[in-house]
Amino acid sequence: MDILIIIIAAIIGYLLGSISFTRIILAIRAPGAQVEDIQETIPGSDETFTSTSTGASAVMHQLGAKWGGITMLLDMLKAVIPTLLFRLLFPENYYYMVTALFVMFGHNYPLYYRFKGGRGLAAMMGGFFVFDFIGVIVTAILGIVFGILSGQAVLIRWTGMILMVFWAMIFHDGWQPSVYVLLANAIFWFAMREELKRFLELRKENKIADQKVVAEFMGMGSMYGLIERFSIPNVIQRIKKKN
């Protein structure tokens with residue numbers, strides 16, 4: 001691999017990743033809206049959850065699911081386009097993985113906004129789609145099924161990206177694909193550490209035990225009906241009531 005091409009791939013990925021569609025959309029649709037340190041009251045509780053993320057979730061909480069989805073799509077595309085370009089230009093090398101990882105770095109630590117960015121979920125998924133779109137679809141479906149059966153809404157969103165690690169190990173030769181997926185996960189979870197810590201604290205204190213609250217807070221309210229109907233704990237509970 002050519003070190004110069006690696007550097008170019010990294011710079012292009014980082015500069016494109018630094019584009020904050022969250023800030024652009026909020027500036028257009030809701031001028032003056034809070035972009036950083038968004039504080040949300042947890043339904044049914046006097047507790048609050050503060051997020052420093054400037055990703056699509058910030059748009060979703062302020063403008064609704066429609067604009068949150070548009071922002072997520074744009075964040076995915078800023079990863080897909082440069083990553084796909086490097087894969088097409090250098091099909092025999094792994095430069096595109098460098099591009100994908102640095103799009104995540106740019107998204108999380110944007111050069112243009114004092115290095116205060118999002119968490120990189122959409123950017124990571126964009127890179128994964130170029131890497132192995134079948135793997136993304138399969139692991140996402142498995143993650144959704146696992147989350148529903150376990151009755152845990154958070155697992156619906158997060159399990160698929162972890163399963164991609166095992167997918168890369170099983171279905172891709174060489175160490176590079178596995179390392180790429182591991183690093184992408186590491187970047188995401190490192191950026192999520194404070195929110196995850198707060199979430200676990202609230203769970204431990206039984207402040208957000210209701211899965212309906214969790215699903216709605218994470219913008220997955222439509223999934224709650226499936227959890228309520230098909231989760232193993234709920235099915236067992238219904239069987240016990242009948243008996």
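1. A residue is called buried under 20% relative accessible area, exposed over 50%, and partly exposed in between. The model discussed here is predicted. Because Ile12 has 33% relative accessibility, this residue counts as partly exposed. Ile12 belongs to helix 1, which covers residues 3–17.

2. Ile12 is also one member of a nonpolar surface patch. Other members include Ile3, Leu4, Ile7, Ile8, Ile11, Leu15 and Leu16, together with Leu111, Tyr112 and Phe115. The accessible area of the patch is about 970 Å² in total.

3. Helix 6 merits attention for its geometry. Its 30 residues, 121–150, would reach 44 Å in a straight helix at 1.5 Å a residue, yet the end C-alpha atoms are only 22 Å apart. A kink of about 120° is centred on Asp132 in this helix. Gly151, just after helix 6, has a positive phi of about 80°.

4. The largest nonpolar core comprises 38 residues, and Met124, Phe128, Phe131, Tyr180, Val181 and Phe188 have the most contacts inside it. At least two residues of this core come from each of helix 1, helix 4 (65–89), helix 5 (95–108), helix 6, helix 7 (153–171) and helix 8 (176–191). Helix 6 gives the largest share, 9 residues.

5. Helix 5 agrees with its expected span: its 14 residues should span 20 Å at 1.5 Å a residue, and the end C-alpha atoms are 20 Å apart. This helix is mostly covered, with 12 of its 14 residues buried. Among the buried residues of helix 5 are Tyr95, Tyr96, Met97, Leu101, Met104 and His107.

How values were computed
Residues are numbered from 1 along each chain as its sequence is written. This is a predicted model: local features need pLDDT of at least 70, side-chain atom pairs count only at pLDDT 80 or more; totals for chains, interfaces and linings use all residues. Side-chain values use heavy atoms; hydrogens and water are left out. Patches are made of residues with over 30% relative accessible area and no salt bridge: like charges are joined within 9 Å, nonpolar side chains (Val, Leu, Ile, Met, Phe, Trp, Tyr) within 5 Å. Accessible areas come from the Shrake-Rupley method with a 1.4 Å probe; for residues, only the protein chains shown count as cover. A salt bridge is a side-chain nitrogen of Lys or Arg within 4 Å of a carboxyl oxygen of Asp or Glu. Helices (H or I, at least four residues) and strands (E, at least two) are DSSP runs, numbered from the N terminus. Buried means under 20% relative accessible area, exposed over 50%, partly exposed in between (1.4 Å probe, protein chains only). The expected span of a helix is 1.5 Å times one less than its number of residues. The bend at a residue is the angle between axes fitted to the seven residues ending there and the seven starting there. A nonpolar core is a set of buried Ala, Val, Leu, Ile, Met, Phe, Trp, Tyr and Cys residues joined through side-chain atoms within 4.5 Å.
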